[in-house]
Amino acid sequence: MKIIYLYLFFIFISSVFSQNILEINSLNDLYYSLEGDGWINNDNWLVGKPCTNNWYGIICEKSHVISVNLMNNHLEGTLPITITDLTHLKYLYLHNEKNEESNSNQNFIKGSIPENIYKLSKLEIINLSNLEISGLVPDTLFSISSLKSINLYNFFHIHSKCYGIIGDSICNLKNLIEFNIGYQKIESVPDCLFLMSTLEHLDLEHNFLTRNISNLTIELPNLKTL
């Protein structure tokens with residue numbers, strides 16, 4: 001019996017160790033892909049482990065990374081695909097604040113949102129607003145059932161390059177409280193979006209919607225801002 005317990009303990013320790021290596025490698029990739037040497041604050045990055053060495057912007061829980069907050073930190077580049085190896089991540093903040101006036105602090109993240117973002121199955125909040133993310137908003141984003149807040153707002157319209165159609169899959173997000181996709185080039189959103197009872201904040205301003213949403217049935221009992 002002791003041998004079985006020791007074996008199971010070894011398997012558990014091995015899986016935790018493997019996961020931690022994946023998370024460290026993921027953050028290392030993020031650092032190099034987004035020119036970490038040029039960040040406003042990169043305290044302790046690449047030194048030891050992120051959870052024990054207090055890497056700037058990183059919050060951990062039970063030795064796993066649950067939050068990455070690098071807003072207004074002069075990130076420049078594209079998101080690495082390996083960001084989705086942060087499988088315990090709950091909060092992702094890579095945005096620029098709208099009222100931030102100093103260009104030296106602005107993040108300049110280009111490219112697209114990784115298609116495999118669905119691997120962040122514990123994600124609750126994602127904020128990529130005021131960046132230069134390009135291409136379609138991947139439908140896989142809306143398969144993350146834990147999401148409570150999605151902010152893809154792009155205040156500077158001239159920089160906005162997100163476009164396309166928001167599919168019905170967003171209506172599977174039963175915990176969604178905030179959906180902000182103003183100042184994009186979205187052409188269509190599903191009718192079911194206006195029947196999501198959990199929504200409190202919805203921003204669709206300055207898009208390319210081809211019909212007047214005021215003609216739709218809107219049943220959003222908890223909505224505070226539209």
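The following legends describe close-up views of a predicted model of one protein chain.

**Figure 1. Overall composition of the predicted chain, with one helix and twelve strands.** Read from the N terminus, the elements follow the order α-β-β-β-β-β-β-β-β-β-β-β-β. Of the 226 residues in the protein chain, 43% are buried. The accessible surface amounts to about 11900 Å², and carbon and sulfur atoms account for 55% of this area. When contacts between residues at least 6 apart in sequence are considered, 58% of them join residues at least 24 apart.

**Figure 2. The open sheet of seven strands.** The strands are arranged in the order 1-2-4-6-8-10-12, and their pairing is mixed. Strand 1 (58-61) and strand 12 (201-203) occupy the edges; each has a single partner strand, so one side of each is left without a neighbour in the sheet. From one strand to the next, the twist averages 15°. As general background, strands of a sheet pair through backbone hydrogen bonds, in either a parallel or an antiparallel sense.

**Figure 3. Pairing of strand 8 with strand 10.** Strand 8 comprises residues 149-151 and strand 10 comprises residues 178-180. The two strands run in the parallel sense and pair over three bridges. Within this pair, Asn151 stands opposite Asn180 of strand 10.

**Figure 4. The largest nonpolar core, formed by 50 residues.** The residues with the most contacts inside this core are Val68, Leu141, Ile150, Phe179 and Leu193. Helix 1 and strand 2 (64-69) are the elements that give two or more residues to the core. Helix 1 gives the most, with three residues. Around Leu141, with residues up to four places away in sequence set aside, the residues touched are Ile117, Ile126, Leu147, Ile150 and Leu152. Ile150, one of these partners of Leu141, is itself listed among the core residues with the most contacts.

**Figure 5. The disulfide between Cys51 and Cys60.** This is one of two disulfides counted in the model. The sulfur atoms of Cys51 and Cys60 are separated by 2.1 Å. The torsion about their S-S bond is about -80°, so the disulfide is left-handed. Cys51 is partly exposed, at a relative accessible area of 26%, and Cys60 is likewise partly exposed, at 27%.

**Figure 6. The disulfide between Cys171 and Cys192.** The S to S distance in this link is 1.9 Å. With a value of 85° about the S-S bond, the link of Cys171 and Cys192 is right-handed. Cys171 is located in the loop between strand 9 (161-165) and strand 10, while Cys192 is located in the loop between strand 11 (185-188) and strand 12, so the pair ties together parts that are 21 residues apart in sequence. Cys171 is buried, with a relative accessible area of 10%, whereas Cys192 is partly exposed, with 24%. If the bonded cysteines of the protein chain are numbered in sequence order, the pairing reads 1-2, 3-4.

**Figure 7. Surroundings of Thr84, a buried loop residue.** Thr84 is situated in the loop between strand 3 (76-78) and strand 4 (91-93). Its relative accessible area is 1%; Thr84 is classed as buried because this value is under 20%. Apart from neighbours within four places in sequence, Thr84 is in contact with Asn116, Ile117, Lys119 and Leu120. Ile117 also appears among the residues touched by Leu141.

**Figure 8. Tyr32 of helix 1 and its separation from Pro80.** Helix 1 spans residues 2-33 and includes Tyr32. The relative accessibility of Tyr32 is 56%, and the residue therefore counts as exposed, the threshold being over 50%. Tyr32 and Pro80 are 48 residues apart along the chain, and their C-alpha atoms are separated by 9.1 Å.

**Figure 9. Two non-glycine residues with positive phi, Leu46 and Lys62.** Leu46 has a phi of about 70° and is found in the loop between helix 1 and strand 1. Leu46 is partly exposed, with a relative accessible area of 34%. Lys62 has a phi of about 55° and is placed in the loop between strand 1 and strand 2. Lys62 is exposed, with a relative accessible area of 78%.

Note on methods:
Residues numbered from 1 in each chain as written. Predicted model: local features only at pLDDT ≥ 70, side-chain atom pairs only at ≥ 80, totals over all residues. Heavy atoms only, no water. Pairing = 2+ DSSP bridges. Helix = DSSP H or I, 4+ residues; strand = E, 2+ residues; numbered from the N terminus. Axes fitted to C-alpha atoms, helices over the stretch in contact; angles between N-to-C directions. Buried < 20%, exposed > 50% of the residue type's maximum accessible area, 1.4 Å probe, protein only. Disulfide = S-S within 2.5 Å. Contact = heavy atoms within 4.5 Å. Areas by Shrake-Rupley, 256 points an atom, 1.4 Å probe, with all protein chains shown as cover. Core = buried A, V, L, I, M, F, W, Y, C linked by side-chain atoms within 4.5 Å.
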